[in-house]
Amino acid sequence: MSASAGDRESGIPSDTAKEEISGPTCTGDNSKHDSAICSSTSEIKSRAVVKYSAAPPPTSYALLQEKTDLKLPPANWLRENAQLGSAGTTILGSSSKSKPFSSFGMAYDFIDCIGDDVDVVSDSENIKKLLKIPYSKSHVSMAVHRVGRTLLLDELDIQELFMRSSQTGDWTWLKEFYQRLIDQKWQRKKKSKEHWYQKAILSKFLYYSINGEGAAEPVSDNLNEGEEENGAEEFSSSWPTAFTSAQSDVEDSDAPKEESVSMDSMFALGQVASVPKEQNLPTLFNEGENSQGLRNDFVRNIMWTFEDIHMLVGSNMPIFGGGRYPAVSLRLRDNNKPINILTGIDYWLDNLMCNVPELVMCFHVNGIVQKYEMIKTEDIPHLENSTFSTRVVKDIAQNILSFLKSNCTKEGHTYWLFKASGSDIVKLYDLTTLCEEAEEEKCQNPFTLPVAVLLYRVASNLMLKARQNRKHYGTIRTLLLNCVKLLDQERHPQIIASAHYMLSELFQLDEPPEEDGESLRAGGSEDSYSDEDRDEEEEEDLMEDSDDNGSYGNCSSPQDDSKAVAVIRSVGELSVPEKYKSTYQIRPSCAFPVSQDKEERCRHVLSYVLKGLKAVDGSIKKESDLPAADPNTPIPLKYEDRSANGACAAEKGISLLLERAGPLQADQKHPTRSGMIPGSWQHRMKLQLFLKASKAYYVLSDAATNLLKYGRALRYIKLSLQCYDAYCSVSGTLHPQVLQFHSQCLSLCGDIQLMLAQNANNRAAYLEEYSYQTKEDQEILHSLHRESSCQAFNMATDLAMDPEYQLFVSSKCYEAAYELLVSEALKDHTSDQLAQVLKRLGNIRNEMGVFYMNQAAAMQTEKEAKKSVSVAEQEMWKKSFAFFEKGMNDFEAIGDSTNTALLLCNTGRLMRICAQAHCAISADQSRGEFSPEEALYYNKAIDYYLRAMKSLASRENHPAVWDSVNWELSTTYFTLATLLQDYAPLSRKAQEQIGREVTEAMMKSLKYCDLQTESARQPLYQYRAATIHHRLASMYHSCFRNQVGDEHLRKQHRSLAELHYSKAVCLFLSLKDAPCELLRTLLERVAFAEFTMAGQSSNAAKLKSLTGAIEIMTETRFAFQLIHKELLEEQTELSESDAAESAESPDVASGPTSGLNLQEVMKLIGVFEPSFSFLLLQLIKLMTTMKRKPSNKDEELLKTYKNVYSKLLRAEKNVPLLSRVKVYIELLQQLTPETESDDTGTQKSS
């Protein structure tokens, strides 16, 4: 029955009750066709689910009166009837002949089941014929196709085929092969007169059995036998014409047109919402090409589970109501002929497949009705003369399925299962291979296109599921590759382009493969698709393995031939339980080629995109391949240095960049540059392919950036943006997702230009990478140029030689990306992309600020006579400051306090450079007084650093940045204080005021010296703190010496000097690498003590001061020990370098590596010796002239002092420095009391 669109919609979409009933508990009281019925006897299990039914609910049949003459046609004969279906389909009941492509029609309708869930798709007649093979002598001829684990079975009517081949020449090669190997005297066998007579009275019986007015009224027999025969011929199907021109079949009914859209529209461009991102695949077929004339003409489609075999079956058996059950099947039997086993199996299987629990048999003699008999379905196997074992039928089914699954291994191939009439041997041929071997040029296989279309449709259906379960990827890839292999690009460019686009979609570009790596490598289930690239050796191994199980192989039987893929030697084997079970596991699953390498994945994508583009380009009819070139717009493909073009060209390029970045508004109505019509399949497909290529190049560029291959990265992002440019040229409107992707491209382009600016040293290597191009890239570019000149983004993607220009381009790319994200089209699509672009904008502005700041610093150092600040310098400051300000605004907009602090810190550094530029130089090139401009800029710098600290709030938020800002702040205060102290502006300020300012700045610097936190800067902080204390002590020392009058102030200065000296000494002692600073501080402290003593009058006070000074002097021993150690190391290194030189090793560095300043040491020794001898002399004088009697201890001390003084005077002045230092250490050691020597020993060891 040919269902119209309306019928199909009103038909019963009975997928609902699939899970309602299972197991042997089912009974047969379901009144609806959309239910499942399980038949379970002790031997077999059967369960049927009606997936679709075009027939109305069954009405009770009309019980014909005895003696009714079935030879007379009823009044309603051959009229269309809902109960039986439209005339020409089920008019002859279950015996009606199936169409040669009926399984494909069903497969298209139930595409979800194909490839995985279902083992067999076929007409019920073919299933019955297969299961009756061991019992029947008649011939079997079927075409078998494999899609995944699903086999499609169709009758291959050899007689009809060869009749057509004599007219068209299509199957001549098969006819010759058939005559040569199978039936040498082939001729068309005509159906007997009896055959047509039986068909006619069955048809009349069914029409009589329909209840209704006048249904059973006979009409006069005005049809002669010839007419009957012609009528019957009309109902048998004829072989369809070649499927390349199937338009005529489609025009018969609107149903396939409407129906066909449902599947493919899921991949239509317009319905983006129904599919995941990037999944909007294009519509595959036009209405005419879509169904290929293959319609699902069955009254009902049933999902039949027979034991463990799942079958999608098409049936046209009329079902009536009545009897004890709501559904019965009607059968007409000649009373003179007993029911044989073949008829019994036929009836039993029909009832099982269609959920019919009862059979009503009408017996006739010569067309005259005799009686009715009712038989339950489960009783059919036990009828007299037709007893058969249901278990054997189950074994036959399992064996045939195993045999076919084991041997029909290649998707896209047409296999032919053939058993000659009266023969016991069943052979399986691979017609696709035979066709390829045929010598004739015109060797076509009519199954090729339907198979290719089915492979494509199953793949498209799986694509919808693939996002949830990536194990389908290997399956989809194999389906599509096999599909493409079957098709001719010139005749089917649309399917080929679509298939290649879907292949490109399989390779995930936006997520790492590691997550699902295992499931991807594993492919599908164990029954997954075979990989088309497998070696033939594997197939031969498979055949040899199966030989032992008797599945097929070269047989000694003379009837066998080498052309057969497999042979069942005897149909009796099919009844042996599990005879073919061992070969049921088909070959290992195919693995989807998963690569951890992004570049490899992208190259796969681009190769498929290119094939798709070639298919589309080949289908666009135009006078020339390429459009005429516009003389005003050159097509630059190679490197071009734009840095010399000047600001004007750059600005023009930027405006073009922003214009192209914006969303397009106008819908295109005119053909594109290549002649494509907007809205055509070529147009939709090119859009998808251009976008996919753009994304692949983007990922390649990103990967190259991560590998630091910036020249390659720029080349790829250029190609990506050229693909996008071509997309814009073809597209009428841009989807928000496309615009978002475009902003990512611009952002990445900005990243690459920034990296190129920062790595100027490798420019030659980058230029070489940038200039290289693969053949594939050139071909894709060629296809792009059919639609666009691809020049819109040249300015952004050219490799310039000027870092400043590269930074400028980078910032413009980020600005364009930002403008795009805040545009009308994307303002509602909130994403974290905006924050990332703002972060990049802030970063590039920081980079440009730093660039101009460094240029200003370079100008400063290059100036010879520092008279005044140049205009160029000021320009650099302004540019730098402006970029820092913008960058801060960007970071503040996204609440990035850390980066805001870093920019504030850089602005502080800029202020310090400004301050340095304003330092006054006197006529003799010496440094002048500290100027007010310097003070202004240093204070501004301090303000920025304090703002940075405030932005960070606490060290916990970002310790590294906090420490950096802390250090800079401390340094600025210290520099300010040092300059104020060393170059005091006495012409403008009083000494006291300068002193206060210095003290304040020093104390603030000290406040930010972090002495507690262990870090790389801790020794620097300690040194700075020690220096600050030393400088403050020196300052108070100076004030104490110069202060006259105010005794209270003098005491205050004295105590402060003492305090800071002691702190400075402690800190320098802890450093262990600043002996000169320690020595200088101690000597100053001694001088301070001497000066204090000079103002004392009593001997006792003087003695106390001198003793204190001597104690301070003894502490210099630690400084001399450090100096001695460094001098020793230096001497060792010198001797080693001399030895190395004598061994002729000029590469070894000669000369000292010690950081000791010998000149400074000599200068300090020059102060130390006279000071030490003066102290000792004064002590000796005082102690010898004392009036009170000295104690033993005093005498001992005096003796020691004299001894040391004597040695000091006798010490040679011309001996090497090392020896002199050693003498000082020994002398100082003698002055050290025992307890102190212990302490110092400990100190030294520590």
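**Salt bridges, helix α29 and two unusual loop residues**

Colleague: Hi! Which side chain does Glu779 meet in a salt bridge?

Modeller: Glu779 pairs with Lys775, with 2.8 Å from N to O. Keep in mind that this is a predicted model.

Colleague: Sure. And where do Glu779 and Lys775 lie?

Modeller: Both are in helix α25, 4 residues apart, which is about one turn of the helix.

Colleague: Why does that spacing suit a pair in a helix?

Modeller: An α-helix has 3.6 residues a turn, so residues three or four places apart point the same way.

Colleague: Is Lys775 buried or exposed?

Modeller: Lys775 is exposed, because its relative accessible area of 58% is over the 50% cut-off. Glu779, at 23%, counts as partly exposed.

Colleague: Okay, and which residues do salt bridges with shared partners join into one network?

Modeller: That network is made up of Glu125, Lys128, Lys132, Arg331, Asp346 and Asp350.

Colleague: How many salt bridges are there in the whole structure?

Modeller: The search finds 34. One of the salt bridges is between Glu776 and Arg603, whose closest N and O atoms are 3.2 Å apart. Glu776 belongs to helix α25 (residues 775-785) and Arg603 to helix α19 (residues 598-619), so this pair ties together parts that are 173 residues apart in sequence.

Colleague: Nice. What about Arg603, buried or exposed?

Modeller: Arg603 is buried, with a relative accessible area of 19%.

Colleague: Which residue does Asp617 form a salt bridge with?

Modeller: Asp617 meets Lys686, at 2.6 Å from N to O. Because Asp617 sits in helix α19 and Lys686 in helix α21 (residues 681-706), the pair links parts that are 69 residues apart in sequence.

Colleague: And how accessible are those two, Asp617 and Lys686?

Modeller: Asp617 has a relative accessible area of 13% and is buried. Lys686 is at 0%, so it also counts as buried.

Colleague: Changing topic: what span should helix α29 have, at 1.5 Å a residue?

Modeller: Its 23 residues (871-893) should span 33 Å, and the end C-alpha atoms are 33 Å apart, so the two agree.

Colleague: Which of its residues are buried?

Modeller: The buried residues of α29 include Trp877, Phe883, Phe884 and Phe891, and also Glu873 and Asp890.

Colleague: What do the buried residues of α29 pack against?

Modeller: They pack against α28 (833-862), α30 (897-917) and α31 (932-952). Just after α29 comes Gly895, with a positive phi of about 70 degrees.

Colleague: Which residue has a positive phi of about 65 degrees although it is not a glycine?

Modeller: Leu708 is one of them, and Lys1072 is also at about 65 degrees without being a glycine.

Colleague: Why does that catch your eye?

Modeller: Most residues other than glycine have a negative phi.

Colleague: So where are Leu708 and Lys1072?

Modeller: Leu708 is in the loop between α21 and α22 (710-730), and it is exposed at 52% relative accessible area. Lys1072 is in the loop between α35 (1047-1071) and α36 (1075-1094); at 38%, Lys1072 counts as partly exposed.

Colleague: Last one, the overall picture: how many helices and strands are there?

Modeller: The protein has 42 helices and 14 strands. Of its 1246 residues, 54% count as buried. Among contacts with a separation of 6 or more, 77% are between residues 24 or more positions apart. The accessible surface is about 55500 Å², with 50% of it belonging to carbon and sulfur atoms.

Conventions:
Residues are numbered from 1 along each chain as its sequence is written. This is a predicted model: local features need pLDDT of at least 70, side-chain atom pairs count only at pLDDT 80 or more; totals for chains, interfaces and linings use all residues. Side-chain values use heavy atoms; hydrogens and water are left out. A salt bridge is a side-chain nitrogen of Lys or Arg within 4 Å of a carboxyl oxygen of Asp or Glu. Helices (H or I, at least four residues) and strands (E, at least two) are DSSP runs, numbered from the N terminus. Buried means under 20% relative accessible area, exposed over 50%, partly exposed in between (1.4 Å probe, protein chains only). The expected span of a helix is 1.5 Å times one less than its number of residues. Contact means heavy atoms within 4.5 Å. Accessible areas come from the Shrake-Rupley method with a 1.4 Å probe; for residues, only the protein chains shown count as cover.
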